[in-house]
Amino acid sequence: MSAEQLEALKKEIWRRAREKAESILMEAEREAERILEEARRKAEESARSKIESEKLLLRRRILGRAVSDGRKMIILAKNEAVEKVFERALEKLRKEVKSRSEAYKSFLRRSLEEALKYISGPDAGEIVICANESDLDLLADMVKDTPVRVKLEKAPIMGGINAFNTGGRKSYYGSIESRLEALKPVLHEKVSILLFREVEMG
Amino acid sequence: MSIASILLEEKKAMMYVEEARRKAQEIVQKARAEAEKFLSKTTETEVIRRKLQEYEESLREEAEKILGEYRARAEKLRAISDELVERAAELVVKVILGHER
């Protein structure tokens, strides 16, 4: 073998060795990357399964509170609107009383009739009718032919009457304030239907 | 140069490849150790915390959207027309004075 041939052989030995070494290292890098990728995947999977229950709790807490707060806002807004209606109704009722409108006089008469019918009886004694001072003359006129003994008294009420017998066994509450108080739940519902059916559908 | 020198070169080249194998083993072992560490620590705390934080942020956005919808509905309810308030007030007056329920 000549010197040139030996030199060529030596070069070939090193070329193969370098190629082999490079291949081994590249394979190792690939394996390392695969190991890390697999670890990341496993970690993701493990994390996912572990956080599902936490996610559900978070969802219930955060969205549940939002819905609850939202519902409160709606209830408050509705109550505000209904209260606005009651305030307006009170203004109107005051005007009815002050102007002694036919509707008001008719209401006063019917209240009186109902009160007398409810309270009067064999042991009723004297019936005391309490009303706003401005209505006393109207009531005096209405009770002048009544067969029972009636006493009229002024009271701090807006309109209508409250009545009781001196025996104190029966009372009738027919003042505007009493009726408003008693009918408020029903009225609240009626007003809500009227107001919000149109608003929410429109 | 002789056959002996070639054999010597062959031995050196084999040692060179062996060194590469040793380095490769080190690379893989290092990766395994890193993966183990990643799985035992990062998975348990960091990833879960980060994912939950991301989810919470998305939920907060969703919650804000829900609240916005309720807010708009509430505003609509508050902006009831005067004509409707008047009609409802008339209804109340009618019930109170009309002895109807």
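## A:Glu12 and its two arginine partners

A good place to start in this predicted model is A:Glu12, which is partly exposed, with a relative accessible area of 27%. The side chain of A:Glu12 meets that of A:Arg15 in a salt bridge, at 2.8 Å from N to O. A:Arg15 and A:Glu12 sit 3 residues apart in helix α1 of chain A, so about one helical turn separates them. A:Arg15 is partly exposed too, and its relative accessible area is 41%.

A:Glu12 also forms a salt bridge with A:Arg16, where the closest N and O atoms are 3.0 Å apart. Here the spacing along helix α1 of chain A is 4 residues, again about one turn of the helix. With a relative accessible area of 54%, A:Arg16 counts as exposed because the cut-off for that class is over 50%.

## Another salt bridge in chain A

Further along chain A, you can find A:Lys144 paired with A:Asp141 in a salt bridge, and their closest N and O atoms are 3.0 Å apart. A:Lys144 is exposed, at 57% relative accessibility, whereas A:Asp141 is partly exposed, with a relative accessible area of 48%.

If you search the whole structure, you will find 30 salt bridges over all chains.

## Where the two chains meet

Now let us turn to the interface. On one side, 62 residues of chain B take part, and they are in contact with 74 residues of chain A. Together the two chains bury about 6,700 Å² between them, and 75% of that area is on carbon and sulfur atoms.

Charged pairs appear here as well: the count between chain B and chain A is 7 salt bridges. One of the pairs to look for is B:Glu62 with A:Arg59, whose side chains meet in a salt bridge at 3.5 Å from N to O. There is also a network of salt bridges that links A:Arg88 and A:Lys92 with B:Asp82, B:Glu86 and B:Glu90. In addition, 11 residue pairs are in polar contact across the interface, with both residues at pLDDT 80 or more.

Which helices of chain B each supply at least two residues of the side that touches chain A? They are α1 (3-78) and α2 (82-98). The largest share, 41 residues, comes from α1 of chain B. By class, this side of chain B has 35 nonpolar, 23 charged and 4 polar residues.

## A core built from both chains

In soluble globular proteins, nonpolar side chains tend to be buried together. The largest nonpolar core in this model has 63 residues, and those touching the most other members are A:Ile161, A:Ile176, A:Leu195, B:Val92 and B:Ile96. Many elements each supply at least two residues of this core, including α1 (3-99), β3 (160-165) and α4 (176-201) of chain A, along with α1 and α2 of chain B. The largest share, 15 residues, comes from α1 of chain A.

## A:Ser175, a buried serine

Is A:Ser175 buried or exposed? Its relative accessibility is 1%, so A:Ser175 counts as buried. You will find A:Ser175 in strand β4 of chain A, which covers residues 171-175.

The side chain of A:Ser175 makes a polar contact with the side chain of A:Ser178, at 2.6 Å. Leaving aside neighbours within four places in sequence, A:Ser175 is in contact with A:Ile157, A:Gly159, A:Gly160, A:Ile161 and A:Asn162. One of these, A:Ile161, is also among the residues that touch the most other members of the largest nonpolar core.

How values were computed: Residues are numbered from 1 along each chain as its sequence is written. Chains are lettered from A and ligands numbered from 1 in the order in which they are written. This is a predicted model: local features need pLDDT of at least 70, side-chain atom pairs count only at pLDDT 80 or more; totals for chains, interfaces and linings use all residues. Side-chain values use heavy atoms; hydrogens and water are left out. Contact means heavy atoms within 4.5 Å. Buried area is the accessible area (1.4 Å probe) that two parts lose on being put together, summed over both. A salt bridge is a side-chain nitrogen of Lys or Arg within 4 Å of a carboxyl oxygen of Asp or Glu. A polar contact is a pair of N or O atoms within 3.5 Å; within protein, one must be able to donate a hydrogen and the other to accept it, and residues adjacent in sequence count only if both atoms are side-chain atoms. Ala, Val, Leu, Ile, Met, Phe, Trp, Tyr, Cys and Pro count as nonpolar, Asp, Glu, Lys and Arg as charged, and the others, Gly among them, as polar. Buried means under 20% relative accessible area, exposed over 50%, partly exposed in between (1.4 Å probe, protein chains only). A nonpolar core is a set of buried Ala, Val, Leu, Ile, Met, Phe, Trp, Tyr and Cys residues joined through side-chain atoms within 4.5 Å.
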